[in-house]
Structures are given as structure tokens and as C-alpha cells.
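Good morning. Please have the sequence and the model open while I talk.

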Number of protein chains: 2
Amino acid sequence: MSEEKHVPRAEQRRLQMADIARLAGVSVSTVSRALNGSTLVNPETRQRVADLARSLNYSINLSAQNLRLQKNRTIAVVVPYDADSRQHISDPFFLSIVGAIADALTDRGYDMLLQRVDAEHLDQAAHAVDSGKAAGLLIIGQWRHHDQLNELAARKLPVVVWGAQLPQQLYCSVGGDNVLGGRLATEHMLSLGRRRIAFLGDAELPEVMHRREGYWQALRAAGLAPDPALELPAPFEVSMARQQMLDFFDAHRDINAVVACSDLLALQSLQVLRALGRRVPEEVAVMGYDDMPLAAYSDPPLSSVHQPVSKAGAELVEALLKMLEGERLAPIMLPVHLSLRASAPAR
Amino acid sequence: MSEEKHVPRAEQRRLQMADIARLAGVSVSTVSRALNGSTLVNPETRQRVADLARSLNYSINLSAQNLRLQKNRTIAVVVPYDADSRQHISDPFFLSIVGAIADALTDRGYDMLLQRVDAEHLDQAAHAVDSGKAAGLLIIGQWRHHDQLNELAARKLPVVVWGAQLPQQLYCSVGGDNVLGGRLATEHMLSLGRRRIAFLGDAELPEVMHRREGYWQALRAAGLAPDPALELPAPFEVSMARQQMLDFFDAHRDINAVVACSDLLALQSLQVLRALGRRVPEEVAVMGYDDMPLAAYSDPPLSSVHQPVSKAGAELVEALLKMLEGERLAPIMLPVHLSLRASAPAR
DNA sequence: TTGAAAGCGCTAACAT
DNA sequence: ATGTTAGCGCTTTCAA
């Protein structure tokens with residue numbers, strides 16, 4: 001009765017525009033126009049097509065659309081991992097910033113592709129854009145590869161990086177004010193009368209380097225010389241840090257304050273100090289970094305440098321979308337402040 | 001000198017196979033075969049093409065490839081949100097399961113699309129598959145819409161849901177053993193000699209319902225009748241729960257144990273109980289659920305029902321990929337166990 | 001206001 | 001071992 005092409009089986013072939021067109025008794029062009037809200041189509045036709053599409057759960061094939069339009073509304077979010085330790089996404093701060101970005105992208109009508117890449121090869125992140133999967137890149141952290149990020153920017157890839165602002169930086173970054181954070185934390189310890197202040201964090205990472213800079217600034221302003229023996233380059237992955245921290249605090253019994261570069265590190269040091277029989281905050285005051293919600297529940301409740309996570313997500317997204325519009329952007333620095341609790345109480 | 005088509009401007013047009021072909025002096029088919037590792041191509045040609053592609057940062061256009069191949073290697077991960085409270089991704093448990101899924105998908109060579117949808121319209125998640133953006137769906141939580149999930153499954157969409165196993169379930173689910181978790185938590189409180197055990201959680205959510213079932217089982221096995229007055233249907237978003245919890249614990253001074261349905265709720269109750277001057281665990285023992293790493297640092301350290309997050313991510317992914325191979329799968333239940341700490345110590 | 005037809009970049013059947 | 005060619009499903013010019 002009909003001359004339809006042979007349909008393979010009962011197995012449901014995926015619906016396409018031609019099907020909607022046939023059922024609506026119009027051409028595919030009209031369906032395309034209707035579904036894209038073109039004014040060139042009769043309102044009642046448009047309605048009929050729209051209803052039909054909805055009732056059949058038809059959605060425009062995005063591979064075809066992207067191919068034809070040569071663009072897409074997907075952003076790749078790249079969370080680097082440490083290839084040596086095969087470390088998985090675990091730092092709650094990174095996870096929460098991913099959540100904030102997801103919300104911001106959803107608000108703007110963009111899809112988010114979440115990718116893991118080896119932190120030693122941040123340049124691999126470019127693949128998502130080169131292959132047309134994503135329109136732009138959001139990279140969480142600079143790690144040790146400022147140079148690779150510069151190469152991405154030199155290739156004119158739309159990329160925004162969460163991290164510190166560095167000299168000779170070709171890419172746009174968004175980050176907290178790390179120097180200020182390190183300084184505020186240290187000044188607070190000084191105001192508590194502490195003079196032997198330890199610094200926990202791997203200063204090979206740009207953000208940590210800036211926090212240490214702030215730590216130094218505060219010490220010097222108080223007439224103290226930074227003592228390298230009080231700096232522990234603890235890795236981000238806390239499980240590896242425990243033994244180091246035990247040895248460190250055991251070897252330096254004069255330490256009476258700790259400025260840590262993540263809440264995880266600070267929480268770990270709380271435990272280690274307790275294991276060594278040192279009382280917090282009476283003998284040793286402890287300050288974390290990031291101010292994760294759960295950290296407020298620690299024993300004792302953790303003081304921390306607050307980073308504006310949800311604002312960070314929004315700024316990263318806004319910066320990248322502006323860049324996609326062709327705008328050139330300067331690095332952005334977000335304010336930080338102290339959240340004081342019992343581990344390093346207000347005076 | 002050449003008859004190349006007019007190239008619009010100095011502005012870099014995106015590289016494509018034809019460019020590589022021209023530069024390598026072969027046809028596009030050969031490039032396609034070389035890049036896809038076909039054995040039909042001369043090894044040395046293949047090497048030349050591969051080198052050329054890499055040196056020019058060429059990546060196959062995935063929209064075109066997906067269109068042609070009628071498939072893709074992307075999985076959509078759906079994290080529902082509460083539209084009323086405009087609540088964002090914040091529960092650390094969901095975030096950590098997203099991280100675990102990201103790792104598992106990366107291991108399998110799949111991309112992950114992270115999507116937020118209104119928890120009242122889980123069916124909207126289907127769009128990612130209908131539009132060909134993703135091959136399958138991983139939905140985090142059933143919320144109140146078992147029915148909508150069944151509809152997705154009835155449409156033969158490849159979908160796996162994190163959550164409880166329910167009667168008349170058409171979709172594949174992966175989840176912790178919630179009845180066991182509720183029972184273990186409650187039995188432990190009973191073994192501590194507690195008889196007035198509160199249950200915190202909204203039993204309209206399937207997982208919570210099962211945990212309450214386990215809680216009831218343990219009570220009955222001990223010869224106690226469940227007392228509805230001891231059940232507080234606290235919402236997942238803790239900020240809303242605080243006042244409720246204050247009133248609740250104040251109205252029931254006889255409560256000497258708390259079984260909470262998330263670590264967040266448990267941590268919140270720790271604070272509320274302290275505000276009411278009740279000592280934990282001496283007067284009231286508290287048990288959380290999920291056993292998030294940061295919860296171990298609370299004051300006092302939180303006991304919790306441990307859920308195997310990274311295993312959960314791996315199982316969700318494996319189940320979905322099997323389903324994409326055409327396998328039919330039964331729901332999967334993962335073991336849980338208690339992590340005992342000071343808030344509800346071992347006897 | 002609508003339809004016909006070309007082509008986005010790729011793969012694979014077919015030809016050589 | 002390599003090339004030619006026909007679409008994958010869509011948007012958009014062009015023609016009516």
C-alpha cells in the first residue's frame with residue numbers, strides 16, 4: 001500500500017525529522033524551521049509540528065545539527081589527576097567547584113563534559129575542542145604546567161583555568177586571592193601570639209606558592225624571618241601526608257600554629273597533633289584552606305580561609321562564554337576571607 | 001600557483017581529514033583508515049599520516065563521526081535537583097559518586113556528560129539520548145519518581161539508576177543494601193543499651209524507606225514497637241532541617257540515640273544536640289549514613305554506615321555498558337558496613 | 001509560507 | 001593497498 005523504504009525490523013529506528021515531516025504532512029525544511037522557532041513558518045503549522053515532536057519524544061539529532069552548524073553548546077571541564085598515584089577525584093574542593101560549574105553551565109543552557117586528564121599532560125585537554133566535542137575548556141588547576149596552558153592559549157583555544165595569576169600568562173585564569181589568603185591566615189596566628197608557624201603545602205603548585213608568599217609577607221611584617229624548617233611540602237593526597245606530618249610535628253615541638261593549604265591537610269594535622277598529644281588550639285592553632293562545609297564539623301571546628309566556590313563556578317563560566325564571543329579577558333581574582341572557629345579562634 | 005579553494009582569511013579554519021590527506025598525498029579514505037588503525041593500510045603510510053595528524057593537532061571531528069557511525073561513546077550522568085529550593089549540587093555523597101563515575105568512565109574510554117535536571121521531571125533526562133548526545137543514562141537517585149524511571153525503561157532507553165530496588169521495577173538499579181544499613185545502625189544502638197532511638201530522614205524517598213524498614217526490623221527483633229513520634233522526616237538539604245531538629249530533640253528529651261540518613265544530617269544533629277546541652281555519645285549516640293571521608297573528623301568523630309562509593313561508580317558504569325551490549329540486567333545491591341567512631345562507639 | 005537541493009566531515013562498500 | 005562515491009540528519013539558500 002505504501003512505497004516506504006524497507007524498515008529493518010520491528011526494532012525501533014531512531015526518529016528523525018523526515019518522520020515528523022511525513023506525519024505532519026510538510027517538508028523537512030518546514031519541520032526544521034518550526035522546531036527552531038523561525039518566523040517564516042505558519043504559527044499553526046509550527047504548533048502542529050511542535051506537538052507532534054513532543055508527543056513522539058523527538059529531539060533534534062545534535063551530531064547532525066552540530067556538523068551542519070559548525071558549533072555546539074558543550075563545555076569541557078577538565079579535572080587533572082596525578083598519574084603516579086592513580087589518584088581519583090577525591091579532593092572535596094575540586095568536586096565542589098565542579099558542582100558549581102555544572103550549575104552555572106546549566107543556567108546558561110550549556111552542556112558539561114567532565115573529563116579527567118593526566119596532570120602532566122594538560123595539553124591533552126585540547127582534544128575535546130579539536131574534535132569538536134566542546135566549544136571551550138575549563139581546566140581546574142594549573143598544577144606544574146603553566147607552559148602547557150600557555151601553549152593551549154597560543155593555539156587560540158578558548159580556555160579558562162582555575163588557578164593563580166602568573167608572570168607571562170597567555171591564558172585567562174580565575175582564582176582566589178592566594179597571597180591574601182596566606183597573609184590573612186598567618187596574620188591571624190600572629191595576632192594569637194603565635195611565632196612558630198608551620199606552613200603545609202607543596203609550593204611547586206602556583207596557588208600554594210602564592211599562599212606561602214602571603215605567609216612570608218605576614219611574618220616579615222611582624223619582624224620574623226621565614227624559617228624553611230617550618231615548611232612542609234605536603235602532597236595534596238592526604239593519605240600520603242600522614243607519616244610526613246607525624247615526623248614533621250614530632251621533629252618541631254616548638255610549632256604553635258599551622259597554616260595548611262587545604263582543609264584535608266588541616267584535618268589530617270588535627271589528628272596527627274592529637275596523636276602526638278598536642279592540644280588544639282591551646283598548644284597549636286590550626287587553619288585550613290577552602291572552608292568546605294563539612295570542615296566546620298571537625299573536632300575542634302576548623303578555622304579556614306574561605307573560597308567562594310559557587311561564585312568561582314559562575315565566574316569561570318562567564319569568562320569562558322565571553323571569550324567564545326571573541327572578548328579578550330584579563331585574569332580574575334576573587335576575594336577570600338577567614339572563617340574563624342575553635343581550631344584558631346578569634347581573639 | 002594553486003587552485004585551492006578560497007580560504008576565507010588568515011583566521012584558522014579548523015583542520016579536517018581532507019587537509020591531512022592533501023598534505024600526506026593520499027586520499028581521505030586512507031587517512032580515515034590510518035587514523036582508525038585499519039590493517040588495510042600500509043604501515044609506513046599509516047605512520048606518516050599519524051605523525052602528520054599529531055603534529056598538526058588534528059582530531060577527528062566527532063560530530064561527523066558520530067553522525068556517520070550512528071553511535072557515540074558518551075554517557076550522560078544526571079544529578080537531579082530540587083526545583084523548589086533551587087538547591088544546587090551540594091550533597092557531598094552525590095558529588096563523590098559523580099567523581100567515582102567519572103573515573104570509571106574514563107577507564108573505559110567513555111566521555112561523561114554531567115547534567116542537572118529537576119527532580120520532579122526525571123523523564124527530561126531522556127533528551128540526552130533522544131538527541132544522540134549520549135548513548136546511555138546514569139541517574140543518581142530515584143527521588144519520588146519511580147514511575148517516570150519506569151517509563152524511560154519502557155521506552156527501551158539504556159538507563160541505570162542509583163537507588164533502591166522497588167516492586168514492579170522495569171529499570172536496572174544499583175544501590176547499597178539500605179535495609180541492612182538501617183538494621184545494622186539500629187542494632188548497634190540497641191547493643192549500646194539505647195531504647196529511644198530516633199530516625200532522621202524522609203521516608204518518601206525509596207532509599208530512606210528501606211533504611212527505616214531495617215530500623216523497624218531491628219526494633220521489633222528487640223521486642224520494641226516503632227514509635228512514629230521518634231521519626232523525623234528531615235529534608236536532604238540540611239539548612240532547612242536545623243530548626244526542625246531543634247524542635248524535635250527539644251520535644252523528645254528521652255531520645256538516647258539517633259540514626260540519620262546522611263552524614264550531613266548526622267553532623268547537623270551533633271550541633272543541635274550540643275546546642276541543647278546534650279552530651280554525645282554519653283546521653284545520645286549518633287550514627288550517620290554514607291561515611292564520607294570528612295565526616296570522620298567531626299566532633300566527636302562520626303560513626304556511619306559505610307557505602308562503597310568507588311565501587312558504586314564502577315558498578316553503575318559496568319551495568320550500563322553491559323546494557324548497551326544488549327544484556328538484560330537484574331538490580332544490583334552493594335554491601336554496606338558500619339564504621340564505628342566516638343559518636344556511637346563499639347561496645 | 002513552503003519545498004527542493006546542496007553540503008557540513010566522516011566511514012565503508014565497492015572498485016581497482 | 002588505495003581511491004571513488006554515497007550517504008549519516010540536519011540547516012539554509014534559492015526558487016516558487
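In chain B, a side-chain N or O atom of B:Asn36 sits 3.2 Å from a phosphate oxygen of DNA strand C. I call that a polar contact, meaning a pair of N or O atoms within 3.5 Å; within protein, one must be able to donate a hydrogen and the other to accept it, and residues adjacent in sequence count only if both atoms are side-chain atoms.

This is a predicted model, where local features need pLDDT of at least 70 and side-chain atom pairs count only at pLDDT 80 or more, while totals for chains, interfaces and linings use all residues. Residues are numbered from 1 along each chain as its sequence is written, chains are lettered from A and ligands numbered from 1 in the order in which they are written, and side-chain values use heavy atoms, with hydrogens and water left out.

Back to DNA strand C. B:Met17 uses a polar backbone atom, 2.6 Å from a phosphate oxygen of the strand. A:Ser29 goes to a base instead: a side-chain N or O atom is 2.9 Å from a base nitrogen of DNA strand C. Two or more residues each come from helix 2 and helix 4 of chain A, and from helix 2 and helix 4 of chain B, to the surface near this strand. Helices here are DSSP runs of H or I with at least four residues, strands are runs of E with at least two, and both are numbered from the N terminus. Near means that a heavy atom of the residue lies within 4 Å.

Which helix gives the most to the surface near DNA strand C? Helix 4 of chain B does, with four residues. In total, 25 residues surround DNA strand C, and B:Tyr58 and B:Arg68 are among the closest. Sugar and phosphate make up 64% of the strand's atoms within 4 Å of the protein.

Now DNA strand D. It also has 25 residues around it, with A:Tyr58 and A:Arg68 among the closest. A polar side-chain atom of A:Tyr58 is 2.3 Å from a phosphate oxygen of DNA strand D. For A:Asn61, a polar backbone atom is 3.2 Å from a phosphate oxygen. A:Ser29 appears again, with a polar side-chain atom 3.3 Å from a base oxygen of DNA strand D. Here helix 4 of chain A gives the largest share of the nearby surface, four residues. Of the atoms of DNA strand D within 4 Å of the protein, 62% are sugar or phosphate, and the rest belong to bases.
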